[in-house]
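This report describes the fold, the surface and the interior of one protein chain. The sequence and the structure come first.

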Amino acid sequence: MGQVALGVRSLLIKSGIFFVMAGLLAWALGGTLFPQPTIVNLPGAGDLYWRISSGGEIHGLQWSLIRDDQEIKVGHWQSVVGPVIVEGATWVATGNAGQWSYLKVIGADVEEVSDPSPAVLDVLFPSVK
C-alpha cells in the first residue's frame, strides 16, 4: 500500500508542476491557459451596432446585434449587412447558406420581415442593381 501512495503522490506533484509550467509558458507568450473569446465591436447606425465573438467555447464566429449594451439578437456568422436607417427605422440583413433574413429593429424589439421595400434593399445592398 505504501508504494501506491508514493506513486499517487509523485503523480500529483508532477501534474502540479506541469500545470504551473504550462501556465507560465502561456503567460510568457501573451496568452492564458484557458483562452477567452475575442470580442470586436463594429461601427453601426444610431445606437445599434454589431459585436463579433470568436474563440473560447464559441465554435465559429458569432454575431450579436447590440443596442445600449444589451444583446437583442444573436446568431452564427456567415454574412451580415447593416445596420442602416431607412425612413426612421433601423434595418439589418443576416445571410445564412445563401438565404437572407431581413430584420427591422424598433426599440428593443426585432421584427423579421420577409419582403422589405425596394428602398430598404437599395440601402442594404447598394452595389446590387
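The protein exposes about 8,900 Å², of which carbon and sulfur atoms supply 60%. The model is predicted. Of the 129 residues in the protein, 27% are buried.

**Fold.** Two helices and eight strands make up the secondary structure of the protein. Read from the N terminus, the elements follow the order α-β-β-β-β-β-β-β-β-α. Among contacts with a separation of 6 or more, 25% are between residues 24 or more positions apart.

**Helix 1.** This helix covers residues 2-28. Its 27 residues, at 1.5 Å a residue, should span 39 Å, and the end C-alpha atoms are 39 Å apart, so the expected and modelled spans agree. Gly 30 follows helix 1 and has a positive phi, near 90 degrees.

**Interior.** In soluble globular proteins, nonpolar side chains tend to be buried together. The largest nonpolar core here has 11 residues, including Trp 91, Tyr 102 and Val 113. The elements below each supply at least two residues of this core.

| Element | Residues |
|---|---|
| Strand 5 | 79-86 |
| Strand 6 | 89-96 |
| Helix 2 | 118-124 |

Apart from this core lies another, of 10 residues, with Trp 50, Ile 52, Ile 72 and Val 80 among them.

Ala 93 belongs to the largest core. Leaving aside residues up to four places away in sequence, Ala 93 touches Ser 79, Val 80, Val 81, Trp 100, Ser 101, Tyr 102, Leu 124 and Phe 125. Of these, Val 81, Tyr 102, Leu 124 and Phe 125 are also listed in the largest core.

How values were computed:
Residues are numbered from 1 along each chain as its sequence is written. This is a predicted model: local features need pLDDT of at least 70, side-chain atom pairs count only at pLDDT 80 or more; totals for chains, interfaces and linings use all residues. Side-chain values use heavy atoms; hydrogens and water are left out. A nonpolar core is a set of buried Ala, Val, Leu, Ile, Met, Phe, Trp, Tyr and Cys residues joined through side-chain atoms within 4.5 Å. Buried means under 20% relative accessible area, exposed over 50%, partly exposed in between (1.4 Å probe, protein chains only). Helices (H or I, at least four residues) and strands (E, at least two) are DSSP runs, numbered from the N terminus. Contact means heavy atoms within 4.5 Å. Accessible areas come from the Shrake-Rupley method with a 1.4 Å probe; for residues, only the protein chains shown count as cover. The expected span of a helix is 1.5 Å times one less than its number of residues.
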